[in-house]
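These are my notebook entries on a single structure, kept in the order in which I looked things up. Cut-offs are written down where a term first comes up.

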Amino acid sequence: MELQLHASWFLHFLQDPCFSLLLFSSSLVFSLLLLYLLKLNKPWCNCEICHAYLTSSWTNEFENLCDWYAHLLKNSPGRTIHIHVLGNTITANPDNVEYMLKTRFENFPKGKSFSVILGDFLGRGIFNVDGDLWRFQKKMASLELNRYSMRSYALEIVNDEIKTRLLPLLSKKKDGVLDLQDLFRRFSFDCICRFSFGLDPRCLELSLPMSEFAVSFDLASKLSAERAMTVSPLVWKIKRMLNLGSERKLRKAISMINILAEEVIRQKRKMGFSTHKDLLSRFMSFVNDEIYLRDIIISFLLAGRDTVASALTSFFWLLANHPDVESALRQEADRVVGADRELTSFEQLRELHYFQAAVYESMRLYPPIQFDSKFCQEDDVLPDGTFVRRGTRVTYHPYAMGRVEEIWGSDCLEFKPERWLKDGVFFPENPFKYPVFQAGLRVCLGKDMALVELKTVAFSLLRRFHIDLAKPSRTPRFSPGLTASFSGGIPVLVRER
Ligand code: HEM
């Protein structure tokens with residue numbers, strides 16, 4: 001996942017009272033800034049792109065940074081651009097994506113810069129490591145997640161969460177305005193915690209306060225992401241050393257997560273974990289180290305929570321703007337499952353080709369992870385001829401790729417599920433043209449579970465409700481963060497059908 005650097009970094013830096021005070025009172029400030037400038041590939045670059053980036057002049061024309069990047073990439077001949085001041089090469093060229101994620105995988109790891117930033121929160125979890133630690137967890141996780149029993153367990157949890165919480169809540173709130181994004185975040189957190197830990201934070205029960213675990217988890221991911229926005233890693237490292245400001249809050253949130261995770265692991269050991277179905281219990285058969293177990297599970301929570309919520313949010317936002325697609329989905333639901341029947345099996349889910357196409361199409365235009373970076377280990381040349389110096393950050397950009405005519409045709413900006421169907425049957429695209437779940441060796445391990453969640457929620461909500469935007473909008477505005485989220489949520493009006 002990408003930690004987004006923004007041109008307003010200097011303001012962030014100045015606005016932090018604790019740190020400004022500390023720095024301005026000592027000559028450290030000069031050496032820090034000097035170090036930062038030396039770290040940049042070309043801090044003085046005045047090319048058109050870097051100038052627009054540094055002065056934020058791109059905001060005159062574009063709502064979101066990703067839209068500006070998409071525009072630049074679309075108009076660059078090789079579909080690759082350079083933000084020199086960030087030392088970042090960004091590509092929307094499928095051949096380059098295949099090269100970095102598969103052909104030369106070993107030369108494009110996540111790298112140290114990324115893992116240091118998320119290290120306190122994610123430890124040695126799969127999301128944050130390369131090499132042998134990654135290989136071991138990937139093997140173990142793939143084995144477990146591909147078991148039929150694990151897939152049924154996921155469907156069981158999702159169906160239960162929909163029936164006992166999501167639907168009753170929407171029925172109660174009908175005719176009132178509610179934020180669908182917030183609801184989906186609560187829903188996906190409940191699902192992924194139950195699946196990974198066998199722990200139910202009950203976030204969707206709005207009558208209860210958000211669980212301490214969910215609050216600490218949110219805070220820890222937000223503050224870890226914000227580390228990337230500081231002027232240099234030295235800034236947060238010194239704050240961490242002195243236990244100041246946001247680093248103090250982060251430490252507190254992480255220690256709360258650790259206490260709760262350790263407690264869950266202890267309880268499971270006491271009760272005997274071999275009969276439990278959740279992922280943690282399964283991993284406990286292979287791993288003894290409690291801290292490692294905690295790290296493994298926390299990565300799963302991070303991977304599977306906001307991504308699903310983001311995908312659901314943009315899916316319903318698109319449907320609200322495309323009633324024709326909405327009614328085609330309802331027709332398929334009635335035809336495949338029956339007008340008053342519930343969705344209960346994988347076989348039925350597999351038959352919902354138009355649902356699958358609509359979900360893929362929605363993520364083509366609005367991928368939950370809009371861009372993702374690796375760090376080049378040794379000098380290399382991408383298939384489009386771009387030279388990449390060792391240490392350069394190389395970013396592939398699924399959001400921009402969804403808007404490239406060469407890949408998707410002249411109607412690439414239209415929401416058209418039909419482009420995924422051949423004679424009514426869903427056909428996947430080359431994953432390097434559609435790296436929404438990444439592709440190659442580090443492809444998302446929760447893809448199948450995510451698709452079960454997305455299709456099941458879509459099916460259940462469309463069956464019972466009409467969902468209209470309370471504030472109609474044609475273009476979303478995103479908040480900066482690890483995963484795409486709509487700034488201000490999506491307030492909707494819900495009516496029973
Ligand atoms: C629509 C939902 C989802 C999307 C779009 C998505 C996308 C992605 C992407 C782009 C990556 C690569 C990230 C990186 O390496 O920087 C990834 C990795 C991963 N995802 Fe997902 N994901 C989704 C849901 C899930 C769910 C529900 C789970 C858990 C059950 C999950 C588990 C993982 C794991 C464990 C990895 C790490 C794989 C590795 O490093 O080998 N994901 N996902």
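**Entry 1: conventions and helix α16**

I take helices (H or I, at least four residues) and strands (E, at least two) as DSSP runs, numbered from the N terminus. The expected span of a helix is 1.5 Å times one less than its number of residues. The model is predicted, so I note that local features need pLDDT of at least 70 and side-chain atom pairs count only at pLDDT 80 or more, while totals for chains, interfaces and linings use all residues. Residue numbers run from 1 along each chain as its sequence is written.

I began with α16, residues 323–337. The helix has 15 residues, and its first and last C-alpha atoms are 21 Å apart, close to the expected 21 Å.

I then checked burial. A residue is buried if 20 or more other C-beta atoms lie within 10 Å of its own, exposed if 12 or fewer, and partly exposed in between, with C-beta atoms placed from the backbone. In α16 the buried residues are Val325, Leu329, Glu332 and Ala333. They sit on the same side of α16, because they cover an arc of only 105 degrees around the axis. The arc is taken from the directions from the helix axis to the C-beta atoms. On the face turned away from that side I found the exposed residues Pro323, Asp324, Ser327, Gln331 and Arg335.

For cover I used contacts, where two residues count if their C-beta atoms, placed from the backbone, lie within 7 Å. The cover over the buried residues of α16 includes α15 (290–321), α18 (353–365) and α21 (447–464). Just after α16, glycine 338 has a positive phi of about 105 degrees.

**Entry 2: helix α7**

I repeated the check on α7, residues 112–122, and found Phe114, Ile117, Leu118, Phe121 and Leu122 buried. Down the axis of α7 these fall within an arc of 115 degrees, so they line one face of the helix. Their cover includes α11, α13 (245–271) and α15. Glycine 123 follows α7, with a positive phi near 55 degrees.

**Entry 3: the ligand shell**

Which residues are closest to the ligand? I list Ala303, Gly304, Thr307, Cys444 and Gly446, out of 23 that surround the ligand. A residue counts as near if its C-beta atom, placed from the backbone, lies within 6 Å of the molecule. The elements giving two or more residues to this shell are α8 (131–145), α15 and α21. The most come from α15, which gives six.

By type, the shell has 16 nonpolar, four polar and three charged residues. Here Ala, Val, Leu, Ile, Met, Phe, Trp, Tyr, Cys and Pro count as nonpolar, Asp, Glu, Lys and Arg as charged, and the others, Gly among them, as polar.

**Entry 4: the core and helix α21**

I define a nonpolar core as a set of buried Ala, Val, Leu, Ile, Met, Phe, Trp, Tyr and Cys residues joined through C-beta atoms within 7 Å. The largest has 124 residues, and Ile297, Leu312, Leu454 and Ala458 have the most contacts inside it. The largest share of this core is from α15, at 17 residues. Beyond four places in sequence, isoleucine 297 touches Ser196, Phe197, Ala261, Leu279 and Leu280.

I also looked at α21, which has 18 residues and reaches 26 Å from first C-alpha to last, close to the 26 Å expected. The helix is largely enclosed by the rest of the structure, because 13 of its 18 residues are buried.

**Entry 5: two single residues**

Serine 221 is in helix α11, residues 212–227. I count serine 221 as buried because it has 23 C-beta neighbours inside 10 Å. Beyond four places in sequence, serine 221 touches Phe121, Leu302 and Leu482. From serine 221 to isoleucine 254 I note 33 residues in sequence and 9.6 Å between C-alpha atoms.

Leucine 166 is in helix α9, residues 148–172. Leucine 166 counts as buried because it has 20 C-beta neighbours inside 10 Å. Its contacts beyond four places in sequence are Glu161, Phe187 and Leu204.

**Entry 6: positive phi outside glycine**

Arginine 79 has a positive phi of about 60 degrees although it is not a glycine. Arginine 79 lies in the loop between α5 (65–75) and β1 (80–83). Is arginine 79 buried or exposed? Arginine 79 counts as buried, because it has 25 C-beta neighbours inside 10 Å.

Asparagine 243, also not a glycine, has a positive phi of about 55 degrees. Asparagine 243 is in the loop between α12 (233–242) and α13. Asparagine 243 is exposed, because 11 other C-beta atoms lie within 10 Å.
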